Amino acid sequence: MDPAAGAGSERFKVPARRESGQCRRDRRSGGAGSDYHPAPDPGIVRIRDTEFLRRINLVTQRSLEIHRYPHPVLARRAEPVETVDDDLRQLAEAMIAVMYEADGVGLAAPQVGISRRLFVADPRRTDEPEPQVFINPDIRLEGDLVPFEEGCLSIPEVRVTVRRPQVATITATGLDGERFELTDDDFAARVWQHEFDHLDGVLIVDRMSPRDRLAHRRTLKDMRAAFESGDRGG
Ligand SMILES: [Zn+2]
């Protein structure tokens, strides 16, 4: 949907840091709190020619395919990752490349058809890429429920308001095999919760309000019909 998405590193865009938690602002900034970024906004910073971007361009040549709703792998509870080895590092790197190519802020392994408890995220608080890899994560939630508009790379064209706790503490294994813990009460907390849901087979359409369910009924029905007819949407 984003005309600039997938156009390579020259077009890679990063929204400026923002506060989260208010739907109006989220809409303007293009889907904060999701793994889907539909449109550029005035706060964009372009990144050019960093070593990192050259590297992910190489990886992208054998990029993974994003699986779309209602692919059954998206509804399955993913299995734990058993070992952090070179294969897993390669997978994580490829997922990061796919995430950036799709202009997303997070991507879970089930979204690329791999039912393992792993996700990558870059809530993009700075103008440099800061991808993080979360293997076998646990999440602890606290605080008030905050409404926030989310989208999902696996469900393009659908954006729904999801209420989630404000504060998340995530414990996960990194690519170095070590456990680490992070806490956030802002945008990253939202992204982690969205991606963590994917590992349990939960999608934003499972969390949407009756009003959103009605509003998106047709779109979701069309996606199911397309899936049934074998057109998986690429
Ligand atoms: Zn998603």
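Look at L145 to start: it stands opposite P165 in β6. Those two residues put you right at the pairing of β5 (residues 132-151) with β6 (residues 159-173), where 13 bridges join two strands that run antiparallel. Keep in mind as you go that this is a predicted model.

From β5 you can step the other way, to β4 (residues 118-121). Four bridges hold this antiparallel pair together, and F119 is a handy marker here, since its bridge partner in β5 is F134.

Now go back to β6 and carry on to β7. Six bridges join these strands, again antiparallel, and T173 stands opposite R179 in β7.

Put those pairings together and you have the sheet: five strands, open, in the order β3-β4-β5-β6-β7, with antiparallel pairing. What stands at its edges? That would be β3 (106-108) and β7 (179-184); each has a single partner strand, so one side of each is left without a neighbour in the sheet. The sheet isn't flat-on from strand to strand either: neighbours are turned by 35° against each other on average, if you ignore direction.

Next, the helices that sit against it. Helix α3 (residues 86-101) packs on the sheet and touches β3, β4 and β5, with its direction at about 45° to that of β4. Helix α4 (residues 187-199) lies across β3, β4, β5, β6 and β7, and runs at about 85° to β6.

While you're on α4, have a look at F187, which lies in that helix. Is F187 buried or exposed? It counts as buried because 23 other C-beta atoms lie within 10 Å, where the cut-off for buried is 20 or more. F187 also brings together distant parts of the sequence: its C-alpha atom is separated by 6.7 Å from that of P123, although the two residues are 64 apart along the chain.

Finally, zoom out to the whole chain. It has seven helices and seven strands, and from the N terminus on the elements run β-α-β-α-α-β-β-β-β-β-α-α-α-α. Of the 234 residues, 39% are buried. As for contacts between residues at least 6 apart in sequence, 71% join residues at least 24 apart.

Technical notes. Residues are numbered from 1 along each chain as its sequence is written. This is a predicted model: local features need pLDDT of at least 70, side-chain atom pairs count only at pLDDT 80 or more; totals for chains, interfaces and linings use all residues. Two strands pair if DSSP finds at least two bridges between them. A residue is buried if 20 or more other C-beta atoms lie within 10 Å of its own, exposed if 12 or fewer, and partly exposed in between; C-beta atoms are placed from the backbone. Two residues are in contact if their C-beta atoms, placed from the backbone, lie within 7 Å. Axes are lines fitted to C-alpha atoms, for helices over the stretch in contact, and angles run from 0 to 180 degrees between N-to-C directions.
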